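Let's take a walk through this structure together, going from helix pairs to cores and then to a few individual residues. Keep the 3D view open as you read.

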Amino acid sequence: MNVALHPVPNNPRPLHGISLCTGGGGLDLGLELALPAARSIVMVEREAFAVAHLVAAIEQGFLAPAAIWSDVRTFDGRPWRGVVDFLIGGIPCQPHSLAGKKRGSLDERDLWSPTRRIVVQARPWFGLIENVRGMLSAGADEVAGAARVLRDLRRLGYAVECGLFTAAETGSSHLRPRLFILFVADPDDSRQQRLVRRPRAQEFAPERGEPALAHTDLVELRREPSAGQQQVDERDLAPGLYPPGPSDLDGWRRVLAHSPDLEPSVRRMADGLAARLDLSGPHAARVDRLRLLGNGVVSLEGAYAFRTLVTRLASTGHAGAVELARLMGAPA
C-alpha cells in the first residue's frame, strides 16, 4: 500500500509529535491517515528489530525523519515542550492482557507512569493511547488500567474519549480488538504551549443521527452486491488492503491467481512448507517480524478510531476537539 502523504491545504504548518513504544510505526501511520499534517519527530522504541525497521522506513521515505530513543523510562519530555503538538503510544499490553497475570500497575512492564510523566513534561495538546481490551477490567492492583489512564489524564486537565475498535471494522479478516483513548486539551488552558487557533464550536456540529465517521474514504468495508448489480469476475479482483483469513482457501486462490508472488512462505500451496524457519537465510528474522506485527497497530484501525473519537468529542463542543476535526477536514 502506498502511504505517501501530502500536507492539508488549510493547515498552516505540520503537527509534530512524540511516539512512545513505536514498534513498527503502525499507530504513527494511522494518525497520519486520519490527520495528514501529523508527523512523529521523535520515537521511543527499545527492540532492535523494530528500530531497524523504523530506520529503514525513514530512509525509504515511508515515515518522516525522526530521532529515535531507546527507553521510555529514561526519555525526558522537557526539551520537547513547546515543540510537539501530540503524543501517541501503544504502551505494553502484557500487564493488562487477559492472557497474562493481569498485574496492572504492579507489573514491571507497565509503562503508563513514565508515559504520564512525559505528558506532564512535554505538555502536548492532544494524544492517543492504544492497548488491549483487557485494560477495561481490573487486575491484581484492583483497578482497571483504562480507569487509571482516564483518571490521570483528566487530572492533568485533558478531556478524554475512549472506545473499543476492531480491525474487522476496516475490512480486515481478523478482529484484533483494541482500546483507544483520545485526550485533548482546551485551548484556554494556560498550561498548553501552543494551538493553531481557537475554533468555534459551531464549526463542527454533526446532525443528530449522523454516523461518527461521516464522509471519509479511509474505510473500505467489504459489501455484498445489491440486487441487479453486475457481478464481477473473481479473476479480475486485485488483492485488497488485507489478505484473506487463514482458512479462506477460496480467497487465497483468487488472490494468488491474480498475484502469485504473494503466496505466503508458511502456508505453501505449490511447493510445500518452507524449511529452516527462523534458523538461517532469508527466514532468520521471521520470529522478529511476527512479533513486530503481533504487537503492532493496524494503521486503518488506528485512523478509524482517532477520527471517530475526535468526532464524538467535537460534537460536545469541546474547542480542542473542534480544532482537530477542522484539521482532519471533517465536514461542517
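## Asp152 and the α3/α4 pair

Asp152 sits in helix α4. Please keep in mind throughout that this is a predicted model. With a relative accessibility of 5%, Asp152 counts as buried, because the cut-off for that class is under 20%. Leaving aside residues up to four places away in sequence, Asp152 touches Trp112 and Arg116.

Those two contacts belong to a helix pair. Helix α3 (residues 112-122) packs with helix α4 (residues 145-155) at an angle of about 20°, and their axes are 11 Å apart. Angles under 35 degrees count as roughly parallel, so that is the description that fits α3 and α4. Their crossing is right-handed. On the α3 side, the residues that meet α4 are Trp112, Ser113 and Arg116, while α4 contributes Arg148, Val149, Asp152 and Leu153. By class, this contact of α3 with α4 has three nonpolar, one polar and three charged residues.

## What surrounds α3

Which residues of α3 are buried? They are Trp112, Pro114, Thr115, Ile118, Val119, Gln121 and Ala122. The cover over the buried residues of α3 includes β1, β4 (86-89), β5, α4, β6 and β7. Helix α4 therefore appears in two roles here: it packs with α3 at an angle of about 20°, and it is included in what covers the buried residues of α3.

## Two residues with positive phi

Just after α3, the backbone does something worth a look: Arg123 takes a positive phi of about 55°, although Arg123 is not a glycine. Arg123 lies in the loop between α3 and β5 (126-132). Is this loop residue buried or exposed? Arg123 counts as buried, since its relative accessibility is 5%.

Arg176 is another non-glycine residue with a positive phi, here near 45°. You will find Arg176 in the loop between β6 (158-165) and β7 (178-185). Its relative accessible area is 18%, so Arg176 is buried.

## The α7/α8 pair

Turning to another helix pair, helix α7 (residues 299-314) and helix α8 (residues 319-328) pack at an angle of about 135°, with 8 Å between their axes. That angle makes α7 and α8 oblique to each other, and their crossing is left-handed. From α7, the contact is made by Phe306, Arg307, Val310, Thr311, Leu313 and Ala314; from α8, by Ala321, Val322, Leu324, Ala325 and Met328. Sorted by class, the contact of α7 with α8 comprises nine nonpolar residues, one polar and one charged.

## The nonpolar cores

The largest nonpolar core has 61 residues, and those with the most contacts inside it are Ile18, Leu35, Phe126 and Phe306. Helix α7 gives the most to this core, with eight residues. Leu35 is a good place to start exploring: not counting residues up to four places away in sequence, Leu35 touches Leu15, Phe126, Phe306, Leu324, Leu327 and Met328. Three of the names in that list, Phe306, Leu324 and Met328, also take part in the contact of α7 with α8.

There is also a second, separate core of six residues, which includes Met43, Leu54, Ile58 and Leu63.

## Leu54 and Gly23

Leu54, included in the second core, has its place in helix α2 (residues 48-59). Leu54 is buried, as its relative accessible area is 0%. Beyond the residues up to four places away in sequence, Leu54 touches Thr22, Gly23, Gly24, Gly25, Met43, Glu45, Leu63 and Ile68.

Gly23, one of those contacts, is in the loop between β1 (15-20) and α1 (26-34). With 16% relative accessibility, Gly23 counts as buried. How far apart are the C-alpha atoms of Leu54 and Gly23? They are separated by 8.0 Å, with the two residues 31 apart along the chain. For Gly23 and His53, which are 30 residues apart along the chain, the C-alpha separation is 8.6 Å. Again not counting residues up to four places away in sequence, Gly23 touches Glu45, Ala50, Leu54 and Leu292. Glu45 is thus a contact of Gly23 and also of Leu54.

Conventions:
Residues are numbered from 1 along each chain as its sequence is written. This is a predicted model: local features need pLDDT of at least 70, side-chain atom pairs count only at pLDDT 80 or more; totals for chains, interfaces and linings use all residues. Side-chain values use heavy atoms; hydrogens and water are left out. Axes are lines fitted to C-alpha atoms, for helices over the stretch in contact, and angles run from 0 to 180 degrees between N-to-C directions. Helices (H or I, at least four residues) and strands (E, at least two) are DSSP runs, numbered from the N terminus. Angles under 35 degrees count as roughly parallel, over 145 as roughly antiparallel, 65 to 115 as roughly perpendicular and the rest as oblique. A crossing is left-handed if the near helix is turned anticlockwise from the far one by less than a right angle, and right-handed if clockwise. Contact means heavy atoms within 4.5 Å. Ala, Val, Leu, Ile, Met, Phe, Trp, Tyr, Cys and Pro count as nonpolar, Asp, Glu, Lys and Arg as charged, and the others, Gly among them, as polar. A nonpolar core is a set of buried Ala, Val, Leu, Ile, Met, Phe, Trp, Tyr and Cys residues joined through side-chain atoms within 4.5 Å. Buried means under 20% relative accessible area, exposed over 50%, partly exposed in between (1.4 Å probe, protein chains only).
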